[in-house]
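Student: I would like to go through this structure one piece at a time. Please give the reasoning with each answer.

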Amino acid sequence: MSAVLALLRRDVALALRLGGGGGIGLAFFVLTVVLVPLGVGPETGTLARIAAGVLWIAALLAALLSLDRLFQADHEDGSLDQLMLSPMPLEQVVLAKACAHWVTTGLPLIVVAPVLGLSLSLPVEVLPVLIVSMAAGTPALSLIGTIGAAITVGVRRGGLLLSILVLPLYIPTLIFGARAVENALLDLDPVPALALCGAITLFSAALAPFAAAAALRINAR
Amino acid sequence: MTPGGLFAKCPVRGYRARMDLEIDSLSCRRGGRWVFQDLLFRADAGEAVLLRGPNGAGKSTLLRVIAGMLPPVVGNVRLGDISLGSDRASLQEQIGYAGHHDAVKPALTVRQNLELWAGIFGADGATIDPALERFGLARFWDRPVAQCSAGQRRRLGLARLPVIERPLWLLDEPTVSLDADATALVAELIRDHCAGGGIVMAATHIDLGLEGARVLQLSGEAVSDPATTATAAGTGADDAFLDGDWT
């Protein structure tokens, strides 16, 4: 367990260093959402109507941005070989790296999402649902992302391939995450959509470590 | 760098279970050609093995096969009573591997890098300072690795070996970018490890001055042998990627 924490701490620390890429996702998220009112126009009704979709699409793309370095950096400097020989199973390594990715990209998105929601004139009473839906859904983005990152680990400039592999798998999270916020906006029950969003996260937590570890083993050959 | 600082002894630890290494009719194929075939070899606990052979003879490949990162087409590797074929994870927990890359993070300091690997390998942090001292890195302990030279990075990569305390060391060209002092230190380190009952397999082109070390010569002959070439060519339909029955 302490080995997992050591790896988690390392990955978070490296991401927050200069050049670690930890702030890229957050910066992209904020910039994209801030640009929307400029492009769409300032009518509060229109903005509130599309806010949920805009926030979730921006979150998806923001999570995608830092994914290609998830295993690539460790693969290039030989750390991945060492991690394969460590007492941790490779599945645990994947889970630890997914957690670190979520802490450095997903968590900051959740923190700034309510502020950006307000700027898109979402009513204040909808914001708690937005926070819960992001908290339930963003871990799935990191977890599913590990599969794509593991498959493309040996590919130079594999970012495009990674996006093509991973984005279709993000669609259920996008649909249910945005639906929960929209339901709350329309005075409907957001709980079923939230529950499904959380279910996707749990499902990917159960599946992704094994899929990603298998892909990493094949790529180590 | 004072020789005294370089050669300051780490406490030599004995490995409780003295394990021998056996390589049994190991064959490996990459990219549709045999890298080596029917390799038979045995090393006792406490022996150093030097892998020799021209470039492309399969030294690195052999080390990666033994480390369980590359599945052999046929054959097996056994360390003590742990077999690669049936229990890869346990075998991997006995291996300290130093490959072409040093596995150090430029953004972290010298000491942080070692602490990190000690934490991930569940090793005792008390071995970190003696290892830094021994590799002549104690003076730079708080320097970011980004500011270290290639030789210093290589030393840091090798300093991981005594910290994580694994009985079988697989060293792939450990002396690349090292100066004469540090090369002598590598030989010293290998001798100490063997004295403690460990096994070292090192692929190297230079003379490390290890008396009594076994030499395993990989000639790359398996590739030039016409019969083998025919086999490799004739089975082109088999994708080397799919060879090996475990994932």
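Student: Which residue of S7(B) stands opposite Tyr97(B)?
Tutor: This is a predicted model, and Tyr97(B) belongs to strand S6 (residues 95-98) of chain B. S6(B) is joined by four bridges to strand S7 (residues 168-172) of chain B, and the two run parallel. Opposite Tyr97(B) in S7(B) stands Leu170(B).

Student: Which residues of S6(B) point the other way from Ile95(B) and Tyr97(B)?
Tutor: In a regular strand, side chains alternate between the two faces of the sheet. In S6(B), Ile95(B) and Tyr97(B) point one way, and all four residues of the strand are buried. The residues that point the other way are Gly96(B) and Ala98(B).

Student: Which strands are the edges of the sheet with the order S6-S7-S8-S3-S9 in chain B?
Tutor: This is an open sheet of five strands with parallel pairing. An edge strand pairs on one side only. In this sheet of chain B, the edge strands are S6 and strand S9 (214-217).

Student: What residue of S9(B) stands opposite Val49(B)?
Tutor: Strand S3 (residues 48-52) of chain B runs parallel to S9(B), and four bridges join them. Across from Val49(B), in S9(B), is Arg214(B).

Student: What angle does the direction of H6(B) make with that of S6(B)?
Tutor: H6(B) packs on the five-stranded sheet, where it touches S6 and S7 of chain B. Between the direction of H6(B) and that of S6(B), the angle is about 175 degrees.

Student: Is His101(B) buried or exposed, or partly exposed?
Tutor: His101(B) sits in the loop between S6 and helix H4 (110-120) of chain B. A residue is buried with 20 or more other C-beta atoms within 10 Å of its own, and exposed with 12 or fewer. His101(B) has 17 C-beta neighbours inside 10 Å, so it counts as partly exposed.

Student: Which residues does His101(B) contact, leaving aside its neighbours within four places in sequence?
Tutor: His101(B) and Asp172(B) are 71 residues apart in sequence, and their C-alpha atoms are 9.4 Å apart in space. With the neighbours within four places in sequence left aside, His101(B) is in contact with Asp77(A) and Gly78(A).

Student: Which helix gives the most to the side of chain A that touches chain B?
Tutor: The contact takes 23 residues from chain A and 22 residues from chain B. On the chain A side, helix H1 (2-16), helix H5 (79-85) and helix H9 (191-219) each supply at least two residues. The helix that gives the most, with six residues, is H1(A).

Student: Which helices are included in what covers the buried residues of H4(B)?
Tutor: The buried residues of H4(B) are Val110(B), Asn113(B), Leu114(B), Leu116(B), Trp117(B), Ala118(B) and Ile120(B). Their cover draws on both chains. It includes H1 and H5 of chain A, together with helix H5 (128-134) and helix H6 (150-164) of chain B.

Student: What is the bridge partner of Glu22(B) in S2(B)?
Tutor: Chain B also has an open sheet of four strands in the order S2-S1-S4-S5, with antiparallel pairing. Its edge strands are strand S2 (33-43) and strand S5 (82-83). Strand S1 (residues 21-30) of chain B pairs with S2(B) over seven bridges in the antiparallel sense. The partner of Glu22(B) in S2(B) is Arg42(B).

Student: Why are H6(A) and H7(A) roughly antiparallel to each other?
Tutor: Helix H6 (residues 90-119) and helix H7 (residues 127-151) of chain A pack with their axes 8 Å apart. Angles over 145 degrees count as roughly antiparallel. H6(A) and H7(A) pack at about 150 degrees, and they are therefore roughly antiparallel.

Student: How many residues of the contact of H6(A) with H7(A) are nonpolar?
Tutor: Among the residues that make this contact are Val94(A) and Trp102(A) of H6(A) and Leu127(A) and Met134(A) of H7(A). The contact has seven polar residues and one charged. The number of nonpolar residues is 15.

Student: Which residues of H3(A) meet H7(A)?
Tutor: Helix H3 (residues 44-65) of chain A packs with H7(A) at an angle of about 35 degrees, with the axes 10 Å apart. On the H7(A) side, the contact has Met134(A), Thr138(A), Leu141(A), Ser142(A) and Gly145(A). From H3(A), the residues are Ala59(A), Leu60(A) and Ala63(A).

Definitions and conventions: Residues numbered from 1 in each chain as written. Chains lettered and ligands numbered in written order. Predicted model: local features only at pLDDT ≥ 70, side-chain atom pairs only at ≥ 80, totals over all residues. Axes fitted to C-alpha atoms, helices over the stretch in contact; angles between N-to-C directions. Parallel < 35°, antiparallel > 145°, perpendicular 65-115°, else oblique. Contact = placed C-beta atoms within 7 Å. Nonpolar A, V, L, I, M, F, W, Y, C, P; charged D, E, K, R; others polar. Pairing = 2+ DSSP bridges.
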